[in-house]
Amino acid sequence: MSLRNKVKLIGYTGKEVEVVNFDSGAVKGTVSLATNDHYTNAKGEKVEETQWHNLVFFGKITEIFQKYVSKGKEIAIEGKLTYRSYDDKDGVKKYITEIRVDEILLLGGK
């Protein structure tokens, strides 16, 4: 069995889907996803912790996101971690971690 870069998450979208159309006809979509974790700390207090993830998707999956996913929608995704960097306007290098979505499952109600 080979190991590979694979991520599975269930969470709620934090904003509306943003779509970019390229001159080549390709489309790229992005949205943030919130996942929650619950645990009890050393004092016996229940703590909820939210993590935010940047999702990116291309092609047919972008159409599905555009049509069916709005802010606050519960979804399950499968994809892989990707990393990129860029220099901001002041020349400072910025790093971005994203999840490139390969599959989506719509959960919950409308």
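The legends below accompany an overview and several close-up views of a predicted model.

**Figure 1. Overview of the protein chain, which has one helix and six strands.** Read from the N terminus, the elements of the protein chain follow the order β-β-β-β-α-β-β. Taken along the principal axes, the box filled by the C-alpha atoms is roughly 55 × 40 × 35 Å. The protein chain has 110 residues, of which 27% count as buried, and its accessible surface comes to about 8000 Å², with 49% of that area belonging to carbon and sulfur atoms. Among the contacts in the protein chain with a separation of 6 or more, 55% are accounted for by residues 24 or more positions apart.

**Figure 2. Close-up of helix α1, residues 60-68, with its buried residues I61, T62 and F65.** These three residues cover an arc of only 105° around the axis and therefore lie on the same side of α1. K60, Q66 and K67, on the other side of α1, are exposed. The packing partners of the buried residues of α1 are β2 (18-21), β3 (27-40), β4 (46-58), β5 (74-87) and β6 (93-106).

**Figure 3. Close-up of the one aromatic pair counted in the model.** The pair is formed by F57 and F65, whose ring centres are 3.8 Å apart and whose planes meet at 5°, so that the arrangement is stacked, planes under 30 degrees apart being counted in this way. F57 has a relative accessible area of 0% and is buried; F65 likewise counts as buried, at 0% relative accessibility. F65 is also one of the buried residues of helix α1, and the buried residues of this helix pack against strands including β4.

**Figure 4. Close-up of a nonpolar surface patch made by I64, Y68 and L106.** The patch has an area of about 250 Å². L106, one of the contributing residues, lies in strand β6 and is partly exposed, with a relative accessible area of 36%. Because residues enter such a patch with over 30% relative accessible area, the value of 36% for L106 meets that cut-off.

**Figure 5. Close-up of G14 and S32, with the residues in contact with each.** G14 is situated in the loop between β1 (7-13) and β2, where its relative accessible area of 23% makes it partly exposed. When neighbours within four places in sequence are left aside, G14 is in contact with S32, W52 and K71. S32, for its part, is found in strand β3 and is buried, with a relative accessible area of 11%. With its own neighbours within four places in sequence left aside, S32 is in contact with Y12, T13, G14, K15, W52 and H53. As a further reference for the position of G14, its C-alpha atom is 18 Å in space from that of G79, a residue 65 residues apart from G14 in sequence.

**Figure 6. Close-up of the salt bridge between the side chains of K6 and E78, with N and O 3.6 Å apart.** K6 lies in the segment before β1, whereas E78 lies in strand β5, so the pair ties together parts of the chain that are 72 residues apart in sequence. K6 counts as partly exposed, at 40% relative accessibility, while E78 is buried, with a relative accessible area of 18%. K6 and E78 also belong to a network of salt bridges in which K8 is linked with them. The count of salt bridges in the model comes to six.

**Figure 7. Close-up of salt bridges formed by E98 with R84 and by D87 with K93.** In the bridge between E98 and R84, the closest N and O atoms are 3.0 Å apart. This pair links distant parts of the chain, since E98 is in strand β6 and R84 in strand β5, 14 residues apart. E98 is buried, with a relative accessible area of 8%, whereas R84 is partly exposed, with a relative accessible area of 38%. In the bridge between D87 and K93, the closest N and O atoms are 3.6 Å apart, and K93 counts as partly exposed, at 42% relative accessibility.

Note on methods: Residues are numbered from 1 along each chain as its sequence is written. This is a predicted model: local features need pLDDT of at least 70, side-chain atom pairs count only at pLDDT 80 or more; totals for chains, interfaces and linings use all residues. Side-chain values use heavy atoms; hydrogens and water are left out. Rings of Phe, Tyr and Trp (its six-membered ring) pair if their centres lie within 6.5 Å; planes under 30 degrees apart count as stacked, over 60 as edge-to-face and the rest as tilted. Buried means under 20% relative accessible area, exposed over 50%, partly exposed in between (1.4 Å probe, protein chains only). Helices (H or I, at least four residues) and strands (E, at least two) are DSSP runs, numbered from the N terminus. The arc is that of the directions from the helix axis to the C-beta atoms. Contact means heavy atoms within 4.5 Å. Patches are made of residues with over 30% relative accessible area and no salt bridge: like charges are joined within 9 Å, nonpolar side chains (Val, Leu, Ile, Met, Phe, Trp, Tyr) within 5 Å. Accessible areas come from the Shrake-Rupley method with a 1.4 Å probe; for residues, only the protein chains shown count as cover. A salt bridge is a side-chain nitrogen of Lys or Arg within 4 Å of a carboxyl oxygen of Asp or Glu.
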